[in-house]
Each structure stands twice: as structure tokens, then as C-alpha cells.
Amino acid sequence: MVWVPKGLEGVIVASTELTKIDGQAGRLIYRGYDATELAGNVPYEAVAHLLWLGGLPAEAELLQLREKLGRSRALPVVVEDFLHSVAKVAEPLSVLQTSVSILGGLDSTKSASTVNASIALTARMPTIVASFNRFRHNASPLQPRADLSHAANYLYMLTGKEPRPEHVRALDSYFTLLADHGLGASTFVARVAASTLTDVYSAVVAAISALKGPLHGGAPIYVWEMLQSIGRPESAREWLRECLAKGDRIMGFGHRVYRTEDPRSKVLKRLAKELVKPDLFHLASTVESEARELLREDHPNRVIDTNVEFYSSLVLDAVGIPPELFTCTFACARSVGWTAHIVEQRKDNRLFRPESEYKGPADLDLHGLQKTEA
Ligand SMILES: CC(C)(COP(=O)(O)OP(=O)(O)OC[C@H]1O[C@@H](n2cnc3c(N)ncnc32)[C@H](O)[C@@H]1OP(=O)(O)O)[C@@H](O)C(=O)NCCC(=O)NCCS
């Protein structure tokens, strides 16, 4: 038996050709390409092709994938009915998760190949989130538009308006930056589920459970609430000091792998600067520098720097996504990474089955207990 650290840090449990993270240098690579260079320079659909199918697409291949995604966006009636019935009472990420589960249980989805199921699921997740949000606000869901890109269609279905090009570009970059990130908790969970040979949908349902937690994808709404609560740059230091004094974590900071600034954060910061009102950007950048300084004082031997969630919250708000949908939007972006990992796991599968060390008693005497009626 081999003991590994509690959080599995430093342990390699799979080999992958998808993503490399250099935590010391602050680099993120998708199949050889720097993710921060892909963002904004090639469309998200091309990044999806890269991750799912092994290379950046030629023009015709990209067109074909776009058509396939566009054709797959509409939801079955049963999912629409479900969204309608829970829109006013349920929490968005749970609704997304249950909708994915329903989709996976339908006969029509069962025969698809793993890659085709990945494409269909990625196409439908934004429709689920947007339709749910419209039901929530007493509006009917909009039919998805096959003539729009993945990012543009999501914004269109949320708002009902033709999205602004700069918003589409920013959301497309966000999708690319969040598309994959090695074995983050949700992707690890997806691979563990896939190793049982369950279907793509069920493995993604498992991934969404892990994404929900505030230590993973649940963070951006807390970042947003923190910025609202701080309110003015002058209040940042005191607010953050109090947060740390209470033993709370500053959301949007720290990472298990990066020992420097998260490279995705640099791109998102640039986008935020272009998109948000100067006052809000000034507040966020002041909070960022104060938090860095306080975290450096508290942890002189450990770099706790800005992570992807900090400026994500500003970018998502700027393009018109309500804070309660931030984590769902993260899930929409990450569906490509999750499913690419599921495809990869399937190609060289072995059931994940670690062991635990039992620390409880082993020889308790049942005979000394009073008998109770069954
Ligand atoms: C993401 C995260 C879970 C990674 O944690 P990790 O690398 O495993 O670090 P640990 O949980 O072991 O923490 C190491 C130390 O740094 C501190 N720390 C880490 N992130 C911190 C943060 N954001 N604010 C305050 N302290 C932090 C911990 O309190 C701990 O201190 P201690 O050694 O005195 O107990 C962690 O940084 C965190 O909770 N961040 C806030 C949530 C967030 O932004 N999540 C989105 C991640 S993309």
C-alpha cells in the first residue's frame, strides 16, 4: 500500500494529452497551445475541436462543428417542462445538473458516440441555463439560433437582444480560458465516474456536484458579493483584514497548483478593464492589491495570488450574466474539458478504486447489546 497526501497534491493519477499546467511559471497549455493566446484569437468552438478531436480545425471542420453545435441546441420538451416547473423555487446549478441528468436518461441520447454526446451536451447546457433564467423572470424561453456562435447564442438566449460584438468576444475568451484545467476536483470526479463506463451525461452530473463548492467553481459569486460589500476602495484593507481575522478565506485568491498569478486572471483583468465602469475596475484592482499584500504578510512562505474567479466575476457581469448564473456559466465553459477528459479516460480505461485506512474498532461484541424489535 502507498500513502498519498490527503488532497492528492503532487500525485499523478492519470496521463493526459489535453492540458498542462505549469504552476511555477503560471502557464496553461491546451494540447501544445498557450490557452491565453488561444483566448480571443481562435473561437471557442475551435478550442473545443482541439480538445475533443486532437487538433485545431481547418475552416471546413470548424464550420461543420459549428453546424453540429447549432443543430443540437434545442431542448426536448420534457426538459423545458422541468425547467418551467422549478424556475421559481430551485437554485440554478442544481437545475442545470438535474437537466443534464434528465437528458442522459432519454432514449434519444443513449446511442450517441462519446464525442457526439459531448457535442450535444455542450450545445444544450447554455440553452438550459438561459431557458431557466427566462422562466424565472416570467419570460418564455427563446429558440436557440444556429446562425450565432456558441458565446453569442448564449447571450442572445439570456437577454433576447442581439449581443454586442465586444461582449461576444469577451465571453468567447472566457469560455476558452475556462475550457479545461487538468484534474481540478470536478474533472477528476468526471474521470472517476467515466472509469466505471457510465455515460457522458452521468459523468458530467458528477462533475457539476464538485464544481458547486465555494473552493472550486462556486467562488465568483462570493467575489462579486465581496466587492459589493466592500463598496469603496478606501474600505478594502479594513474589510479584508476583518475577513482574515475571522479565519475566512478571501475569494478569488489562492490555488492548489499555481504558485504565481493564475495566467487566466491576467487576460480576464485586461478584458475587465476594457468592459467595466472605471470605478468598479478601480475598486477591484485595489481589492486585488490589498489582498495580495495582506496574504503575503500572513503567508510569507506561500504565494497566494489572484485566481481565475476574481476577474471572471467582473467580466461575466459586464457581458450581462447575472451573478446567480456565474457558476452555471463556468459549467457551460468547462463542459468541453470535462467531456474531453471523459473521452480520454474511455480510451485507456482502468476503474479508479483507491483504498482507505480503516481506523475504527473491529471486534465489538454484539451480544452485550439489548435486543430491539426489528
Ligand atoms: C483554492 C484553494 C482551496 C486552494 O487551496 P490550497 O492550495 O489547497 O491551500 P490550503 O487550503 O492548503 O491553504 C494553505 C494556507 O493558505 C491559506 N489560504 C489559501 N487560500 C486563501 C485565501 N483565498 N484566503 C485566505 N487564506 C488562504 C489557508 O488558510 C492556509 O493557511 P494555514 O496554512 O495557515 O492554514 C484556496 O486557495 C481557497 O480556498 N481559495 C479561496 C476560494 C477560491 O477562490 N476558489 C476558487 C479556486 S479557482
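In the predicted model, the domain assignment divides the chain into domain 1, comprising 19-214 + 325-347, and domain 2, comprising 218-317. The C-alpha centres of domain 1 and domain 2 are separated by 26 Å. Contact between them involves 27 residues from domain 1 and 26 residues from domain 2.

The ligand occupies the space of the largest pocket. Around the ligand stand 20 residues, of which Ile 250, Gly 252, Phe 253, Arg 256 and Arg 302 approach nearest. By residue class, this shell consists of nine nonpolar, six polar and five charged residues.

Polar contacts to the ligand involve both backbone and side-chain atoms of the protein. At Gly 252, which is also listed among the nearest residues, a backbone N or O atom is placed 2.8 Å from an oxygen atom of the ligand. The side chain of Arg 249 contributes an N or O atom at 2.9 Å from an oxygen atom of the ligand. A nitrogen atom of the ligand, in turn, lies 3.5 Å from a backbone N or O atom of Leu 215. The ligand taken alone exposes 860 Å², and 72% of that area is buried by the protein.

Technical notes
Residues numbered from 1 in each chain as written. Predicted model: local features only at pLDDT ≥ 70, side-chain atom pairs only at ≥ 80, totals over all residues. Heavy atoms only, no water. Near = heavy atom within 4 Å. Polar contact = N/O pair within 3.5 Å; in protein donor to acceptor, adjacent residues only side chain to side chain. Areas by Shrake-Rupley, 256 points an atom, 1.4 Å probe, with all protein chains shown as cover. 1 Å grid on protein atoms, 1.4 Å probe; cavity = no way out; pocket = protein on both sides within 12 Å on 5 of 7 lines; lining within 4 Å. Sits in = over half its atoms within 2 Å of the grid points. Nonpolar A, V, L, I, M, F, W, Y, C, P; charged D, E, K, R; others polar. Domains from an automatic or database assignment. Contact = heavy atoms within 4.5 Å.
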